[in-house]
Amino acid sequence: MFTGFVGYIRYLGTLTLFATQSIAWLFVRPYRFPQFIDEMEFIGNQSLSIISLTGLFTGAVLAYQSWIAFDIVGTDSLVGVSTSLALARELGPVMTAIVVTGRAGAAMTAKIGLMRVSEQIDALEVMAISPKQYLIAPKIVAAAIATPFLAGIFTLVGNVGGYLVGVFLCGVDPGVYIHNLKSFLAPWDIYHGLIKSIIFGFVIATICCYKGYTTKNGAEGVGKSTNESVVLGIVFTLVMDYFLSVIIPTGMRSQ
Amino acid sequence: MNSSAAAISFRGVHKQFSLDQAPVLAGLDLDIKQGEIHVLIGFSGTGKSVTIKHALGLMKPDSGQVSVFGSEIAELNDYQLREMRMNFGMLFQGVALFDSLSVYENIAFPLREHRKEMSEQEIRHRVEELLLKVELEKAIQKMPEELSGGMKKRVGLARAMALKPKILICDEPTTGLDPVTAQVIDTLIEKSTREVNASAFLVSHDIHAAIRIADRISMILEGKIIITESPEGFKRSQHPVVLQFLESAGVV
Ligand SMILES: Nc1ncnc2c1ncn2[C@@H]1O[C@H](COP(=O)(O)OP(=O)(O)OP(=O)(O)O)[C@@H](O)[C@H]1O
Ligand SMILES: [Mg+2]
């Protein structure tokens, strides 16, 4: 994929250029609003059930896991806030990004890649239609907008899962669960997760579109670039997550 | 735009894909005049499709110039390149229909993009008219994957002609068609080109059809054009490779 540090930096540069060129097309007529709506439908709407399902179980296991730890020191009243903090700041954005990569991102690469190897992208160009404007930009923008919404839903449903397990399985007092959650979860924890999600969505879509756009060598090449885009998408998500977690302000929290 | 200039002109075009292979185009010179039907023939893998892609600006020459109506493609900015491409209707060798769109939507696509003033009814009218010409009016609601290779070709041709292009480029429009349908398609290309005094640049293996409809025929070999002649001149050529080509097709 890339060799050494210089190759890595160059790759980042190429991706940045690709994203910038595509985004620049947003400001050129005709505006691709119908394509954008289609992508929102595909990336956002069609991901709702899988996001809810994975969110529910992630919240449930988080609550259970933190209850095991808190119960040792007798502070199981903190199960709720611990669960929702982890969901809002880390697991919501990260898990959502991974689901979006695997579901929507892989499909983007495969579709664009197939269009590339079957000359459909050339056909667009010959028809004086910019593939970056028609195909790429709507996907990148839709992903950057849909991913935070999905992460929000993931976090919300995750909290429901956490509550169910915490209260009904582990026996945490429901009033205490909610009270602690309310008093310790700060708005910035939510913003933190949402900002990360916007960036994840943007970067994942850029990677997946780029991989599709530069596909070579027929059906085999489509398989290869789809595979690479999923791997890269997940790796980028996890690495970026660390840096973003450190950079984005935590906000004031009453200790 | 220079009106006396050739529709497409290639000057000393070189193109090499990898260093360990011979160049595909090695100083190719060719003019497609305005209003003519020009057929390019040549053995498989000699760079016919590559030549066409240079005319469309899909590939860039390593050296040499490709001009369309007198303006060199390499010197155009993005905007001018799009304007330039508005002159073209293109049928790819692999057709490249949009496989997520129906036959109707494929042909309507260029109209929807570039003829915003057309109403839905006018678009439907134009699409039906085109499908009638390629004898596919029954396939209007089909998806590309439901079509045979030859049917795809014909839909691709209808799409290429949708905007009544000044230059129609077809990469093997009749390969894979039965002789009867092939003749219908050749005649259609000829008629629709002559009707509006457009130019056509065709790649074909069908030397009989080339002789019937072409104004001029060129042959490419080892990256160069070895002959450009009228059909009559082409038939009389004494070039050994041309002779070989003509003999195997049973022309002489
Ligand atoms: N994108 C590309 N990358 C590398 N090599 C290429 C590329 N496109 C074409 N070639 C090479 O260029 C040569 C000419 O290919 P081209 O498709 O132009 O042949 P052709 O004359 O159209 O043949 P056919 O009649 O079989 O369609 C071939 O050797 C091919 O391998
Ligand atoms: Mg070819």
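**Close-ups of a two-chain model: pockets and interface**

**View 1. A pocket of about 420 Å³, the second largest one, in a predicted model.** Start with what surrounds this space: 18 residues line the second largest pocket. Lying nearest its centre are Gln35(A), Asp38(A), Lys111(A) and Tyr134(A), along with Ser100(B) from the other chain. On the chain A side, α2 (33-44), α4, α5 and α6 are the elements that each give two or more residues to this lining. Sort the lining by class and you get eleven nonpolar residues, three polar and four charged.

**View 2. The largest pocket, with a volume of about 1,100 Å³.** Here 36 residues make up the lining. Look to the centre and you'll find Arg116(A) and Glu125(A) from one chain, and Gly57(B), Leu58(B) and Lys60(B) from the other, as the residues that lie nearest. Both chains pitch in with whole elements: chain A brings α4, α5 and α6, while chain B brings α1 (48-55), β4 (63-68) and α2 (78-85), each supplying at least two residues of the lining. Which element gives the most to it? That's α2(B), with four residues. As for the mix, the lining of the largest pocket has 14 nonpolar residues, eleven polar ones and eleven charged ones.

**View 3. Where chain A meets chain B.** Now for the interface itself, where 21 residues of chain A are in contact with 21 residues of chain B. Between them the two chains bury about 1,700 Å², and 60% of that is on carbon and sulfur atoms. The rule also picks out five residue pairs in polar contact across this interface, both partners being at pLDDT 80 or more. On the chain A side, α4 (79-117), α5 (120-126) and α6 (131-169) each supply at least two of the residues that touch chain B. Of the chain A elements, α5(A) gives the most to this side, with six residues. By class, the side of chain A that touches chain B has twelve nonpolar residues, three polar and six charged.

**View 4. A salt bridge between Glu119(A) and Lys53(B).** Zoom in on this pair and you'll see one residue from each chain, with their closest N and O atoms 2.7 Å apart. How many salt bridges are there between chain A and chain B? The count is three.

Methods
Residues numbered from 1 in each chain as written. Chains lettered and ligands numbered in written order. Predicted model: local features only at pLDDT ≥ 70, side-chain atom pairs only at ≥ 80, totals over all residues. Heavy atoms only, no water. Contact = heavy atoms within 4.5 Å. Buried area = accessible area lost by both parts, 1.4 Å probe. Salt bridge = Lys/Arg side-chain N within 4 Å of Asp/Glu carboxyl O. Polar contact = N/O pair within 3.5 Å; in protein donor to acceptor, adjacent residues only side chain to side chain. Nonpolar A, V, L, I, M, F, W, Y, C, P; charged D, E, K, R; others polar. 1 Å grid on protein atoms, 1.4 Å probe; cavity = no way out; pocket = protein on both sides within 12 Å on 5 of 7 lines; lining within 4 Å. Points joined across faces, edges and corners; volume = space filled by probe spheres on them.
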